[in-house]
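I sat down with this one to look up a buried side chain, the cores and the pockets. My notes follow in the order I worked.

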Amino acid sequence: MERILILGGTAWLGRAIATAAVTAGADVTCLARGESGSVPAGARLVRADRREPDAYDALDGDWDDVVELSWDPAFVASGLDALADRAAHWTLVSSVSVYAHSDAPFADEDAELVEPADLERYPDAKVHAERLTTARVGDRALLARAGLIVGPGDPTDRFGYWPARFARGGRVVIPESAGRYVQGIDVDDLAEWIASAGRAGITGTVNAVGEEYPLPAVLAAARDASGQNSETVALDDAALESRGVQYWMGPRSLPLWLPVEARGFSRRSDAAFVASGGRRRSLAETMRRALDDERARGLDRPRGAGLTPAEEAEVLSG
């Protein structure tokens, strides 16, 4: 039986990877503090704090695949020191944020990277993690550069904001979206690919990204999933910026809306992902899954991204 170690496994993507590996019949161990949730049924949790020098002491034997999710430089380095020599395959979950430029559509894995100058910055830390991993593990490493991850359980609220917002009804502020795109990958599609890539021994660098869709199509899918015939009010970039609306994510934002000059961020080449067996469910299915999750968590709950009803009213009033 394949032995899989996930450094994490109790939070969103890590738990989905553990679920996919268990479903495929693997013997799955998750090393985590256990504060983000539980591991899926069939997986084993080893409670440990990776800030402590003895964090890996309870892990014995060799591993067919180790999956590293962290971008913390100390965690990445200590994990490699403790486990690299016992792993037949090593998967680092990286990010398309490692790329230095976002202005060229369809850029592939050979595009220029950020030079890591400040390891407290996410892109810099991910590049540093890739270099540490390659230096230590060599040709046993898979660098999975994930794109925007979407679907049930999303803690960022970037994607789920839209089906939830349309489901609430009323006048909906949207950005002028012509010429803009979204490239999201369903969390379970990504997790299943990571688990299967480890089993298959796939190595190298892969942009693990979803299919690109025009932003208007994504907004239409969100409205269709909601079942509401909401009125949309489209505002251009200048109007939104003048009213204090932020791009992409975070408080007082319109999620998935990007500056025009970042037109390549959501249009990365997916050729390597598809060639390595990556499969993706339809946009409509992912949107339905996201809305079901939003309803379960509460359509009116506080969110980490998007406009609150009061903020949206302010924007509409000009």
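In which helix is Glu294 found? I looked it up in the model, which is a predicted one. Glu294 is in helix H9.

**Entry 1: Glu294**

Next I asked whether Glu294 is buried or exposed. Its relative accessibility is 2%. The cut-off for buried is under 20%, so Glu294 counts as buried.

I then looked for a polar partner. The side chain of Glu294 makes a polar contact of 2.7 Å with the side chain of Arg303. I also listed what Glu294 touches, setting aside neighbours within four places in sequence. The list holds Asp157, Gly160, Tyr161, Ala164, Leu299, Arg301 and Arg303. Arg303 therefore turns up in both lookups, beside a glutamate that counts as buried.

**Entry 2: the cores**

I moved on to the nonpolar cores. The largest has 38 residues. Phe159, Trp162, Val218, Leu240, Leu254 and Leu256 have the most contacts inside it. Which elements give two or more residues to this core? I noted strands S7 (148–150), S8 (172–175) and S12 (232–235), along with helices H4 (161–168), H6 (215–226), H7 (237–242) and H9 (283–297). H6 gives the most, with 5 residues.

I picked Leu240 for a closer look. Not counting residues up to four places away in sequence, Leu240 touches Val173, Pro175, Leu235, Val245, Leu254, Trp257 and Val315. There is also a second, separate core. It has 32 residues, among them Ile4, Cys30, Ala43 and Ile202.

**Entry 3: the largest pocket**

I turned to the pockets. The largest has a volume of about 1100 Å³. How many residues line it? I read off 43, and Ala11, Leu69, Ser70, Trp71 and Lys126 lie nearest the centre. Helices H1 (12–23), H2 (73–83) and H3 (122–137) each give two or more residues to the lining, as do strands S2 (27–32), S5 (90–95) and S7. The lining divides into 21 nonpolar, 13 polar and 9 charged residues. I noted S7 twice, here and in the largest core.

**Entry 4: the second largest pocket**

The second largest pocket holds about 250 Å³ of space. It is lined by 15 residues. Closest to its centre are Ala20, Asp188, Glu192, Trp193 and Arg279. H1 and helix H5 (187–200) are the elements that give two or more residues to this lining. Which element has the largest share? I found H5, with 7 residues. By type, the lining splits into 5 nonpolar, 5 polar and 5 charged residues.

Methods:
Residues numbered from 1 in each chain as written. Predicted model: local features only at pLDDT ≥ 70, side-chain atom pairs only at ≥ 80, totals over all residues. Heavy atoms only, no water. Core = buried A, V, L, I, M, F, W, Y, C linked by side-chain atoms within 4.5 Å. Buried < 20%, exposed > 50% of the residue type's maximum accessible area, 1.4 Å probe, protein only. Helix = DSSP H or I, 4+ residues; strand = E, 2+ residues; numbered from the N terminus. Contact = heavy atoms within 4.5 Å. Polar contact = N/O pair within 3.5 Å; in protein donor to acceptor, adjacent residues only side chain to side chain. 1 Å grid on protein atoms, 1.4 Å probe; cavity = no way out; pocket = protein on both sides within 12 Å on 5 of 7 lines; lining within 4 Å. Points joined across faces, edges and corners; volume = space filled by probe spheres on them. Nonpolar A, V, L, I, M, F, W, Y, C, P; charged D, E, K, R; others polar.
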